[in-house]
Amino acid sequence: MSDITIPVLSETEPQSAGGERRRRTGGRGGDRSRTGVAGKYRNLVNRLTKTELLDPAALDDMHEASLTILEEIGMDIMLPEARAIMKAHGADVTEGSDRVRFDRGLIMDMIASAPREFQMFARNPERNVKMGGNNLVLRPDRLGSLRRRSRRRPTRRQPGRLPQAGQACPVL
């Protein structure tokens with residue numbers, strides 16, 4: 001005979017003093033009363049040294065190649081208002097086309113004027129997020145399914161997709 005025992009109903013399901021079974025807590029109603037741990041991790045700062053994936057020469061080559069693409073080929077900008085703003089700031093906008101080309105000097109001036117860090121403001125000030133610098137920002141991968149609050153697992157039709165980051169990490 002084995003040492004395995006089968007639990008009796010009284011051992012597995014809680015009962016109230018009157019002998020009737022209590023309802024389990026949790027679900028959607030239980031989520032409202034739960035206190036989150038995300039507040040502790042709201043604005044994480046990376047204090048470790050950054051890992052250099054490319055040596056400086058390779059990084060410079062990549063930067064020069066991207067400037068060449070923006071200068072010679074350009075980008076297709078579909079919104080007419082955006083093309084007008086870019087033209088006002090010195091970009092070469094081809095009339096009758098969506099194509100916009102950028103001068104190297106213009107790109108370097110825009111990069112120099114960009115702030116190293118900035119803050120994204122939420123309706124609730126406790127949920128403001130600092131971007132850039134050494135700040136770490138964690139975000140869920142699939143926002144659409146998080147809006148539905150679904151917690152389904154990936155199916156065979158979705159190979160390689162991870163479960164929602166929102167349910168995998170309480171920080172989010």
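Here is a short chat about the predicted model shown above.

Biologist: What should I know before I start?

Modeller: This is a predicted model, so local features need pLDDT of at least 70, side-chain atom pairs count only at pLDDT 80 or more, and totals for chains, interfaces and linings use all residues. Residues are numbered from 1 along each chain as its sequence is written, and side-chain values use heavy atoms, with hydrogens and water left out.

Biologist: OK, how many helices and strands are there in the protein?

Modeller: Seven helices and seven strands. Both are DSSP runs numbered from the N terminus: helices are H or I with at least four residues, strands are E with at least two. From the N terminus on, the order is α-α-β-α-β-α-β-β-α-β-β-β-α-α.

Biologist: Which strands make up the open sheet?

Modeller: Three strands, in the order β2-β4-β3, with antiparallel pairing. The edges are β2 (75-76) and β3 (92-93), each pairing on one side only. Two strands pair if DSSP finds at least two bridges between them, and β2 has two bridges to β4 (residues 99-101).

Biologist: And what stands opposite M75?

Modeller: That's V100 in β4.

Biologist: Switching to helices: what span should α3 have?

Modeller: The expected span is 1.5 Å times one less than the number of residues. For the 18 residues of α3 that gives 26 Å, and its end C-alpha atoms are 25 Å apart, which agrees. After α3 comes G74, with a positive phi near 85°.

Biologist: Now R83, is that buried or exposed?

Modeller: R83 counts as buried because its relative accessibility is 15%. Buried means under 20% relative accessible area, exposed over 50%, and partly exposed in between, using a 1.4 Å probe and protein chains only. R83 lies in helix α4 (residues 80-88).

Biologist: Which residues does R83 touch?

Modeller: Leaving out residues up to four places away in sequence, R83 touches I77, M78, V93, S97, D98 and V100. A contact means heavy atoms within 4.5 Å.

Biologist: What share of the 172 residues is buried?

Modeller: Buried residues make up 13% of them.

Biologist: And how much area does the protein expose?

Modeller: About 15100 Å², with carbon and sulfur atoms supplying 54% of it. Accessible areas come from the Shrake-Rupley method with a 1.4 Å probe, and for residues only the protein chains shown count as cover.

Biologist: Last one: where does L54 lie?

Modeller: L54 is in the loop between β1 (44-45) and α3 (56-73). With 35% relative accessibility, L54 counts as partly exposed.
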